Amino acid sequence: MTDTVTGRVVLLAGGTSTVGRVAAETLVAAGAHVVVAGRDPGKLAALASAVPGVSTETVDLSDEAQVRELAQRVHALHGRVDGILHLVGGWRGGGGLAGQSDHDYRVLETSLTALRHTTRAFFDDLVASPVGRLAMISSTAVARPLAGGANYAAVKAASEAWTRAVAQGLAKAARDAGEPASSAAVVFRVKSLEGLEERVAAAFVSLFTAEASSVNDEVVTLDA
């Protein structure tokens, strides 16, 4: 057992969805300080009203400069980030392979872009934390991609690769410092988030009580 989420600062990237609200509720109940970042001020206000104690930040996570500014604000207001749950996503598909338009791909690609920007901005935080944790929500479509969802599966596969690269970076940082691993990056695969919101939230919180070396670079399929 390494630590718990109590007293830790956790960033929910794109956390205004149902799963974001459930994750925020679960984390706050566990004693974490939760910062929810999203680009819709109305949805952020509704979340803050529904989950007392949550802090919100209006930001376009696909904009690198805005994410750098977000990191500066979070550090100034809350200190180092100990955990990130990446929830930026969305679905577009259908029409077979011929129906996989560039427009749909670019819309889906923003989730990967947001993941890249967020993890770069807060990577040093995760390294410095005694219990740094990153998790991103992927899809079982990566294991069995279909023609009608090729854009979606491709973006999720790339996001998984990026997350696993973060995992390697965290492990290398610990080795280079001559210290035991304390941080981890994990992929959660789901077939659909609907009905799994509490499962995802619980799985993320459980990462904080697991040994970093036992969960780092893991791909975990979550189901009911």
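How many cavities of 30 Å³ or more does the count come to? One. The model is predicted, and every value here is computed from it. This report takes the enclosed space, then the open pocket, then one helix pair.

**The cavity**

The largest cavity holds about 50 Å³ of space. Its lining consists of Gly89, Gly90, Val107, Leu108, Thr110, Ser111, Tyr152, Val155 and Lys156. Two helices, α4 and α5, each supply at least two of these residues. The biggest share comes from α4, with four residues. By class, the lining has four nonpolar, four polar and one charged residue.

**The pocket**

The largest pocket contains about 790 Å³ of space. Its lining has 31 residues, and those closest to the pocket centre are Gly14, Leu87, Val88, Gly89 and Gly90. Gly89 and Gly90, named here, also line the largest cavity.

Which helices and strand each give at least two residues to the pocket lining? They are α4 (102–128), β5 (133–139) and α5 (150–177). Here too α4 gives the most, with four residues. The pocket lining divides into 13 nonpolar, eleven polar and seven charged residues.

The two spaces are set out below.

| Space | Volume | Nonpolar | Polar | Charged |
|---|---|---|---|---|
| Largest pocket | about 790 Å³ | 13 residues | eleven residues | seven residues |
| Largest cavity | about 50 Å³ | four residues | four residues | one residue |

**The α3 and α4 pair**

Helix α4 also packs against another helix. Two packed helices are described by the angle between their axes and the distance between the axes. Helix α3 covers residues 64–78, and its axis comes within 8 Å of the axis of α4. The two axes cross at roughly 30°. Angles under 35 degrees count as roughly parallel, so α3 is roughly parallel to α4. The crossing of α3 past α4 is right-handed.

Which residues meet where α3 contacts α4? From α3 come Glu64, Val67, Leu70, Ala71, Val74 and His75. From α4 come His117, Thr118, Arg120, Ala121, Phe122 and Asp125. By class, this contact has six nonpolar, three polar and three charged residues.

**Taken together**

Helix α4 recurs throughout. It gives four residues to the lining of the largest pocket. It gives four to the lining of the largest cavity. It also meets α3 through residues including Phe122 and Asp125. Helix α5 contributes at least two residues to the pocket lining and at least two to the cavity lining.

Definitions and conventions
Residues numbered from 1 in each chain as written. Predicted model: local features only at pLDDT ≥ 70, side-chain atom pairs only at ≥ 80, totals over all residues. Heavy atoms only, no water. 1 Å grid on protein atoms, 1.4 Å probe; cavity = no way out; pocket = protein on both sides within 12 Å on 5 of 7 lines; lining within 4 Å. Points joined across faces, edges and corners; volume = space filled by probe spheres on them. Nonpolar A, V, L, I, M, F, W, Y, C, P; charged D, E, K, R; others polar. Axes fitted to C-alpha atoms, helices over the stretch in contact; angles between N-to-C directions. Parallel < 35°, antiparallel > 145°, perpendicular 65-115°, else oblique. Left-handed = near helix turned anticlockwise from the far one by under 90°. Contact = heavy atoms within 4.5 Å.
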